[in-house]
Amino acid sequence: MKKYFSKLWLFGITLISMLPFTSCNYNKLVEKQQNVEQSWAQVENQYQRRADLIPNLVNTVKGYSTHESETFEKVTLARAKATSITIDADNLTEENLAKFQAAQNELSQALKSLLAVTEAYPDLKANENFMNLQTQLEGTENRIATERMRYTEAVRDYNTAIKQFPTVIYAGWFGFNAKPQFKADEGAQKAPEVQF
């Protein structure tokens with residue numbers, strides 16, 4: 001009986017001595033998780049900014065080109081699809097992020113088609129409103145890249161923290177699961193072929 005109580009006593013002391021480390025780690029995990037969620041919100045914010053610029057850009061181009069309706073329709077549909085896919089920070093999964101990224105990539109391709117159309121219209125390229133919208137769109141694309149990088153860093157920091165010992169033992173108990181990362185676009189590893 002004494003052996004049983006001494007083992008129980010030892011277990012209790014060990015548990016109590018680990019409690020401060022557990023609570024400190026828990027608080028750090030909460031902080032890291034909040035950082036991931038904040039970073040994700042900024043990613044969505046910049047994609048929304050891009051989506052908000054598109055109708056003005058399309059309308060400006062429409063004023064110069066009435067026979068590019070297929071391109072306008074592609075951009076409009078891609079924008080609608082991209083803005084319909086939103087992911088709550090609590091539902092960040094590989095699958096949800098892949099759907100989100102695919103819709104955003106589709107919109108990027110449609111925008112490239114729209115901007116390629118403008119090459120045929122010198123007056124449009126000289127239009128101050130169009131130039132302003134194009135500059136804003138380029139700036140937004142840069143902001144998207146920056147916010148995606150910050151999100152990636154926050155996720156790396158968080159995912160590393162939940163896999164480190166002793167945190168790995170209890171992180172899952174408290175619902176701290178790995179967060180997904182953005183994947184490179186298909187074909188991104190190939191350098192574009194340039195011919196002169």
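**Exercise 1.** State which residue caps the N-terminal end of α5 and by what contact.

Solution. The cap is N127: one of its side-chain oxygens lies 2.8 Å from the backbone nitrogen of N129. Helices here are DSSP runs (H or I, at least four residues), numbered from the N terminus. The model is predicted: local features need pLDDT of at least 70, side-chain atom pairs count only at pLDDT 80 or more, and totals for chains, interfaces and linings use all residues. Residues are numbered from 1 along each chain as its sequence is written, and side-chain values use heavy atoms, with hydrogens and water left out.

**Exercise 2.** Check the span of helix α5 against its number of residues.

Solution. Helix α5 covers residues 128-163, which is 36 residues. The expected span is 1.5 Å times one less than the number of residues, giving 52 Å for α5. The end C-alpha atoms are 52 Å apart, so the two values agree.

**Exercise 3.** Find what the salt bridge between K81 and E106 ties together.

Solution. A salt bridge is a side-chain nitrogen of Lys or Arg within 4 Å of a carboxyl oxygen of Asp or Glu. In the K81–E106 pair, the closest N and O atoms are 3.1 Å apart. K81 lies in helix α2 (residues 69-84) and E106 in helix α3 (residues 94-117), so the bridge ties together parts 25 residues apart in sequence.

**Exercise 4.** Classify K99 and E95 as buried, partly exposed or exposed.

Solution. Buried means under 20% relative accessible area, exposed over 50%, and partly exposed in between (1.4 Å probe, protein chains only). K99, at 45%, is partly exposed; E95, at 54%, is exposed.

Terms used:
Helices (H or I, at least four residues) and strands (E, at least two) are DSSP runs, numbered from the N terminus. A polar contact is a pair of N or O atoms within 3.5 Å; within protein, one must be able to donate a hydrogen and the other to accept it, and residues adjacent in sequence count only if both atoms are side-chain atoms.
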